[in-house]
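Trainee: I'd like to learn how to read a few features off a model like this one. Can we go through it together?
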Amino acid sequence: MVMRLLRVVWWRLITVLALVPGSLEAQERLFAIDSVGSTEGDDSFGFIVDVAVHPEGTLAVAQYGLSEVWVFDADGKLQVAGRRGEGPGEFGFVSDVAWRGDTLVVVEGGRSRVSLLTGDGRYLRDQTTIPRLAAVRYGSAGYLRSGLTVAAPLTLGSSTAAAKPILLVGTDGQVLDTLGEARHRRVSADATLPDGTGFVFQNPLPNYTRTALSPDGRYFGTADELEGPDGSELRFALYDDTGNEVGRTTVTLKTDPASDEDVLVRRGDMIERIAKTDDLPVASVRKAIVEAVQLPDRVPALSNFLLDNDGKLWVGSIGKDGMVTWRAWSVEGDLLRTWIADRDLELRQLHDGGAVAIRQDDVRGWRVVFLMGL
């Protein structure tokens with residue numbers, strides 16, 4: 001309860017500061033004001049795959065390998081919704097969670113099924129999200145306020161792929177319309193190790209079409225990045241909850257080419273894994289990576305994408321200093337706000353004037369972190 005009051009006081013302070021002329025164009029540093037979860041004990045999280053926060057503060061968390069959803073009320077009390085199984089209120093792999101009003105939406109990617117629960121976890125009903133035959137090519141992107149589902153192509157391939165449509169799906173699981181196309185490009189490159197063996201590595205920040213829903217399910221948006229000679233052109237499209245286009249806009253961000261060291265830092269985990277697996281010196285793997293890249297990649301201007309309930313388009317981009325810059329644009333292309341966040345904070349939802357993120361504290365556990373800008 002104390003932390004909830006602190007959030008209210010903090011948000012009122014932010015509101016006052018936002019009224020100062022020009023403050024919306026300044027970079028605000030995101031700070032953690034509360035968190036849920038620990039690295040041990042009954043409330044310790046495993047790998048978090050999705051989170052959703054109700055406007056009143058109730059938090060739903062989906063974790064990899066668990067066939068249930070953990071629900072925390074505004075005071076931090078935990079309740080478990082669902083269990084493993086195929087019946088009503090039972091889940092396989094939970095891939096997405098969301099709040100639509102006071103209803104908890106639970107999406108099972110593998111079964112292409114959406115279950116609707118009350119806030120305290122009681123089963124209401126379920127429906128099919130997309131035809132089962134399309135499940136291999138499409139993953140659920142979200143459940144709109146109107147009851148329709150948006151399904152976006154899975155981007156798991158390691159090579160450039162042709163554009164695929166983004167689907168608008170009815171409550172009976174049938175495709176009603178398409179909302180543009182999704183692409184993924186430049187996601188892999190070939191390299192040769194010192195022992196002569198070849199391998200393909202994936203760019204950890206692939207340039208593919210991002211999709212997002214507003215927390216209340218009112219809006220759906222897409223974001224695409226095209227490279228220019230001096231930077232990146234970001235193209236956005238915004239739709240309402242019935243699939244009608246609200247508007248499109250394009251903005252340009254100046255980006256600098258990454259140095260060799262930037263490229264290696266962005267591939268650090270992969271380099272360690274290859275060196276350990278093939279029993280090779282880390283330095284030799286690093287050299288092979290740089291030679292394969294040839295010309296250093298530009299640091300992408302678009303590394304993450306979110307929508308808020310007002311239809312503003314939020315873009316996260318990783319800088320050379322390791323910090324993440326979040327910029328908010330209107331659908332008319334006006335820059336409205338800029339946040340700076342630590343790289344280990346993965347923003348998942350805009351909430352209460354701030355943001356909700358996940359963070360891995362160590363190999364044992366994860367946290368859900370509430371953030372505000374100042």
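Trainee: Let's start with D279. Is D279 buried or exposed?

Mentor: This is a predicted model, so keep in mind that what we read here is computed. The cut-off for exposed is over 50% relative accessible area. D279 comes out at 69% relative accessibility, so D279 counts as exposed.

Trainee: Where does D279 sit along the chain?

Mentor: Look in the loop between α3 (268-278) and α4 (282-293).

Trainee: And what should I look for in the backbone there?

Mentor: Start with the general idea: most residues other than glycine have a negative phi. Now the case here: D279 is not a glycine, yet its phi is positive, at about 55°.

Trainee: What does the backbone of D352 look like in terms of phi?

Mentor: D352 is another non-glycine residue with a positive phi, about 55°. You'll find D352 in the loop between β27 (346-351) and β28 (354-362). As for accessibility, D352 is at 40%, and because partly exposed runs between 20% and 50%, D352 counts as partly exposed.

Trainee: Now pockets. How do I read those?

Mentor: The general idea is that rolling a probe the size of a water molecule over the atoms shows where empty space is left. In this model, the second largest pocket has a volume of about 410 Å³.

Trainee: How many residues line the second largest pocket, and which lie nearest its centre?

Mentor: The lining has 22 residues, and N309, L350, H351, D352 and G353 are the ones nearest the centre. So D352 turns up again, this time as part of a pocket lining.

Trainee: Which elements give two or more residues to that lining?

Mentor: Those are β8, β26 (335-341) and β27. The largest share, three residues, comes from β27.

Trainee: What is the mix of residue classes in the lining of the second largest pocket?

Mentor: Eight are nonpolar, seven polar and seven charged.

Trainee: β8 was on your list. Which sheet does β8 belong to, and in what order do the strands run?

Mentor: β8 is in an open sheet of four strands, ordered β8-β9-β10-β11, with antiparallel pairing. At the edges are β8 (94-100) and β11 (123-128), each pairing on one side only. From one strand to the next, the twist averages 20°.

Trainee: How many bridges join β10 and β11?

Mentor: Five bridges, in the antiparallel sense, with β10 covering residues 113-117. To see one, pick L116: its bridge partner in β11 is R125.

Key
Residues numbered from 1 in each chain as written. Predicted model: local features only at pLDDT ≥ 70, side-chain atom pairs only at ≥ 80, totals over all residues. Heavy atoms only, no water. Pairing = 2+ DSSP bridges. Axes fitted to C-alpha atoms, helices over the stretch in contact; angles between N-to-C directions. Buried < 20%, exposed > 50% of the residue type's maximum accessible area, 1.4 Å probe, protein only. 1 Å grid on protein atoms, 1.4 Å probe; cavity = no way out; pocket = protein on both sides within 12 Å on 5 of 7 lines; lining within 4 Å. Points joined across faces, edges and corners; volume = space filled by probe spheres on them. Nonpolar A, V, L, I, M, F, W, Y, C, P; charged D, E, K, R; others polar.
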